[in-house]
Amino acid sequence: MFWDWDFAISITPTLLQGLKITILATVLGAIVAAVLGLVFAILRRSTNRLISRTTGFVVEFIRGTPLLVQLYFIFYILPDFGLRLPPLTAGVIGMGLHYATYFSEVYRGGIESVARGQWEAARAGNLNPRQTWVHVILPQAIPPMIPAMANYLLAMFKETPLLTAITVMEMMSQARSVANTSYRYVEPMTLVGVFFLIISIFSVFGLRWLERKFGGRAR
Amino acid sequence: MGDWAGYLTLILQGAWVTVKLTVMGCALALVVALIAGLGRVSHVAVLRWISTCYIEFFRGTSIFVQLFWIYFVLPMTGLWSPTPMQAGVMALGLNVGAYGAEVVRGAILAVPKDQYEACTAVNLTRYQKMRHIILPQALPLMLPTFGNNAIELLKATAVVSLISLSDMTFQAQIVRSQTGNTIFPFVTILILYFIMSLLISTGMRYLERRATRGLDGVR
C-alpha cells in the first residue's frame, strides 16, 4: 500500500509548524504589498511625467518577471552590498514587492471608479484635499477594492512555497525535508496539497461573502 | 573575460527551454481552459460538476505543490513517470488552464442574452450557436485576460528549475555557483524574462485587433 496513515499522522505536527510560517509570511507580505502598492499607485498618478513613467516601468518590470528570480535576487545579491537579510525577511520583502505591483492596479482601479462628479462636488463644496480624500473619495473607492485585495492575498498564500527556494522553513520546505529524510514523498506532498486546498476553499467562501457585501457597486 | 560568452550561451540554452515550456504549457492551458470552461456552462450536470472540481482543485492548491506532486508522487502510484519536461508542461498547463476556464466561462456568460434568443429564434443547433454566434463574440472578451494568464505562465516556468529542469533560472543558478558572481546571471535572466513577457503582451494586442475586426458595429 502506498499510503501510510501512521506516517501521515506522525508528520502532521511538523507540517503545521511550517503552516504557521506560511501564514506569517503571507500576512507580512500582504502588509508590505498594501503599503508599497499605495506608494506605486500615488507615484503613478504624479503629474511629473518622469516620476509617473519611471514608476510605470518599474511596476511593469517587476510584474513581468518571475517572483522566484526576484527572491533569488534579493537573497543572493543584497549580501554583495553588505546587506544580509534573514530568509524570512528577504521572502517577505520579495513577495511584498512583487504583489505591490498588483495591489497598485487595484488602488488605481478603485480610485478611478469614483465618478468625476464626486471630485467636482468636493471642490464645489469647498473641501480641502484631505477632506476630499477622507470623506468623499476613499469611502467610495475602498469597498470595491476589498474583494480584489482578498483575491491577491489568497494568491500570495499560494505563492509562499517558493520561499522554500531561499531556505525559509515554511510548509513546503518542511514537507521536502521530511521527504528527503524518510524517502517517502507521497504523504508529505499530498498533505501539503490538502492543507492548501482546505484553506483555499474556506477562503473562497470568505471571498464570495466579501464580494456580496462590498462588490455590489463595483462595475 | 571570454568566459562570459560561454556563460551567456548557457543562459540562452536555458532561455530556449523556458520558451518551449511556455509555448507547450500555453497550448495545453488553452485546450484545457476551453474544455473546462465549456463544461462549466454545459447543460449536463455531471460535466458542470467535473469541471468545477477540476477548476477549484487546481486554483486552490499552489502550482509548486502540483508540480512536486506530479513529479514525485505520480510515479509512486505506478501510473506514469513523467520526465521533468512533461511534468513541467502538465503542471503549468493544468494550473493556468484552470484560471483560463473561469475566463472562458465569464466571457461566454457576458455575451448578451438576446444573442442566445436570436439563435433559438432562427433554429440553430447548440453546436452552431456556440461555434458561429457565441464564441466569436466571447473570444475578444477572453483575449486580454488570456494574455495576462500567458504571462503568469511564463513567470511560473521558473518553478521547474526546482525539479532540476535546466530552464533559464536553473542555468543562472549554475552560473552563479560556478563564478560566484550573482549580479550578471540574475540581471541577465530578469531582462530576458521581461523581454519575453513584452513579446507576449504585444502579440496578444495584435490578436485582439484581429479578433475584433469583424465585430465593428456589434459593440
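Two residues are taken to be in contact if their C-beta atoms, placed from the backbone, lie within 7 Å. In this predicted model, contacts of chain B between residues at least 6 apart in sequence were examined on that basis, and 76% of them join residues at least 24 apart. The secondary structure of chain B consists of eight helices and zero strands, which gives the pattern α-α-α-α-α-α-α-α when read along the sequence. Along the principal axes, the C-alpha atoms of chain B occupy a box of roughly 70 × 45 × 20 Å. Of the 219 residues in chain B, 41% are buried.

The annotation of chain B was then set beside the model. An unreviewed UniProt entry lists residues 15-200 of chain B as "domain: ABC transmembrane type-1". In the model, this span is 81% helix and 0% strand, with its end C-alpha atoms 15 Å apart. Under the heading "transmembrane region", UniProt (unreviewed entry) also lists residues 15-36, 57-74 and 183-200 of chain B. Residues 57-74 of chain B are 83% helix and 0% strand, and the C-alpha atoms at the two ends of the span lie 16 Å apart. For residues 183-200 of chain B, the helix content is 100% and the strand content 0%, and the end C-alpha atoms are separated by 26 Å.

Within chain B, B:Lys129 was considered individually. This residue belongs to helix H6 (residues 126-156) of chain B. B:Lys129 counts as partly exposed because 17 C-beta neighbours lie inside 10 Å, whereas a buried residue would need 20 or more. When neighbours within four places in sequence are left aside, the contacts of B:Lys129 are B:Cys119, B:Leu124 and B:Ile134. B:Arg59 lies 70 residues from B:Lys129 in sequence and 30 Å from B:Lys129 in space, C-alpha to C-alpha.

For chain A, the mean pLDDT is 89, and 97% of the residues score at least 70. Confidence in chain A is highest in helix H2 (residues 49-63), at a mean of 94, and lowest in helix H8 (residues 186-214), at 87. Helix H5 (residues 116-124) of chain A is hardly covered, as zero of its nine residues are buried. Just after H5(A), A:Asn126 adopts a positive phi of about 60°.

The two chains meet through 29 residues of chain A, which are in contact with 28 residues of chain B. On the side of chain A that touches chain B, the elements giving two or more residues are helix H3 (67-77), helix H6 (129-159) and H8 of chain A. H8(A) supplies the largest share of this side, with nine residues. By class, this side of chain A comprises 21 nonpolar, five polar and three charged residues.

The packing of buried nonpolar residues was also examined. The largest nonpolar core contains 105 residues, and those touching the most other members are A:Leu68, A:Val69, A:Leu71, A:Val192, B:Leu67, B:Val159 and B:Ile189. Helix H4 (residues 84-110) of chain B gives the most to this core, contributing 13 residues. A:Leu71, one of the residues that touch the most other core members, is in contact with A:Ala90, A:Gly91, A:Gly94, A:Leu162, A:Ala165 and A:Ile166 once its neighbours within four places in sequence are set aside.

Note on methods
Residues numbered from 1 in each chain as written. Chains lettered and ligands numbered in written order. Predicted model: local features only at pLDDT ≥ 70, side-chain atom pairs only at ≥ 80, totals over all residues. UniProt positions renumbered as here; feature names shortened; annotations may be inferred. Helix = DSSP H or I, 4+ residues; strand = E, 2+ residues; numbered from the N terminus. pLDDT = per-residue confidence, 0-100. Core = buried A, V, L, I, M, F, W, Y, C linked by C-beta atoms within 7 Å. Buried ≥ 20, exposed ≤ 12 C-beta atoms within 10 Å, placed from the backbone. Nonpolar A, V, L, I, M, F, W, Y, C, P; charged D, E, K, R; others polar.
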